[in-house]
Amino acid sequence: LRSESGGGFTTVDLLALDLMTGEAVLYKYGAAPSYLKQNGEVRRISCSTLPAGLESDVQNPDLTRLHLGRGAVLVMLSDGFFSTQDDRWIREVLERSSGQNPRALAALLMVDSLQHGGEQDDCTALVLSLSGGDTEV
C-alpha cells in the first residue's frame with residue numbers, strides 16, 4: 001500500500017457479514033465513520049487508525065464486532081460527506097428513516113451532504129438494510 005516514489009495511502013472500510021447469523025465485523029483504516037441504526041438507536045462507529053500506507057509500521061485496523069438483527073440499517077460513507085466533525089445531520093436523517101429503501105436513503109444522504117458542506121472529495125454511500133429474510137444494499 002506504500003508507493004515507492006513518495007508515499008501513497010488509502011483508507012479501508014470493510015464489512016464482513018454472515019447473513020445467516022447477523023454476526024458482522026467492521027474493519028477500518030483511517031475511514032470515515034459508519035452508522036448503525038438498530039432498535040431505534042443510531043450508533044456512530046469511528047476509527048482511530050491512520051489510513052493504510054501512512055506509517056512505515058504495519059498497524060492493525062480498528063475492528064468493531066456487531067450483531068445485525070432484523071430491521072438493522074448500516075450506513076458506510078466516504079470522507080467526501082464530511083466537511084466538519086459535525087455529523088448531527090446524518091444522525092437526524094437516519095433517525096427519521098425507516099431504512100426500508102436503501103437506495104432512497106443513500107440518495108437522500110448524497111443530496112443532504114451538499115447542504116452541509118460535503119463533496120469536498122468523492123462521495124460514496126453504502127446502505128445495508130436487513131429486513132425479514134431479505135438483505136438489500
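1. Start at Tyr 35, which stands opposite Val 75 in β6. This is a predicted model, so read everything below as a description of that prediction. The two strands around this spot, β3 and β6, pair in the antiparallel sense, with 4 bridges between them.

2. Now look at β3 itself, residues 34-38. Is it covered or open? Mostly covered, as 5 of its 5 residues are buried. The cover reaches both faces: Ser 34, Leu 36 and Gln 38 are buried on one side, and Tyr 35 and Lys 37 are buried on the other. So Tyr 35, the residue we began with, belongs to the face it shares with Lys 37.

3. β3 has another partner, β4, and again the sense is antiparallel, here over 5 bridges. If you want a place to find the pairing on screen, go to Gln 38: its bridge partner in β4 is Glu 41. The hairpin made by β3 and β4 has 2 residues between the strands, and in it Asn 39 takes a positive phi near 55°.

4. Staying with β4 (residues 41-45), follow Arg 44 outwards. Arg 44 makes a salt bridge with Asp 87, and their closest N and O atoms are 2.7 Å apart. The two are 43 residues apart in the chain, with Asp 87 sitting in the loop between β6 (73-77) and α1 (88-96), so this is a link between distant parts. The partners also differ in cover: Arg 44 counts as partly exposed because its relative accessibility is 29%, while Asp 87, at 7%, counts as buried.

5. Which other residue does Asp 87 hold on to? Arg 91 forms a salt bridge with Asp 87 too, the closest N and O atoms being 3.4 Å apart. Arg 91 is partly exposed, its relative accessible area being 26%. Through the shared partner, Arg 44, Asp 87 and Arg 91 end up in one network.

6. How many salt bridges does the structure hold? The count is 3. One of them is the pair of Asp 13 and Lys 28, where the closest N and O atoms are 2.8 Å apart. Asp 13 is in strand β1 (residues 12-17) and Lys 28 in strand β2 (residues 23-29), so distant parts of the chain are linked here as well, with the two positions 15 residues apart in numbering.

7. That pair deserves a look at its surroundings. Lys 28 is buried, since its relative accessibility is 1% and the cut-off for buried is under 20%. Asp 13, at 26% relative accessibility, falls in the partly exposed class.

8. Stepping back to the whole chain, there are 2 helices and 8 strands. From the N terminus the order is β-β-β-β-β-β-α-α-β-β. That places the helices after a run of strands, with a further β-β at the end.

9. A few totals to finish. The protein chain has 137 residues, of which 39% count as buried. Among contacts between residues at least 6 apart in sequence, 60% join residues at least 24 apart. The chain exposes about 8,100 Å², and carbon and sulfur atoms supply 47% of that area.

Technical notes
Residues numbered from 1 in each chain as written. Predicted model: local features only at pLDDT ≥ 70, side-chain atom pairs only at ≥ 80, totals over all residues. Heavy atoms only, no water. Salt bridge = Lys/Arg side-chain N within 4 Å of Asp/Glu carboxyl O. Buried < 20%, exposed > 50% of the residue type's maximum accessible area, 1.4 Å probe, protein only. Pairing = 2+ DSSP bridges. Contact = heavy atoms within 4.5 Å. Areas by Shrake-Rupley, 256 points an atom, 1.4 Å probe, with all protein chains shown as cover.
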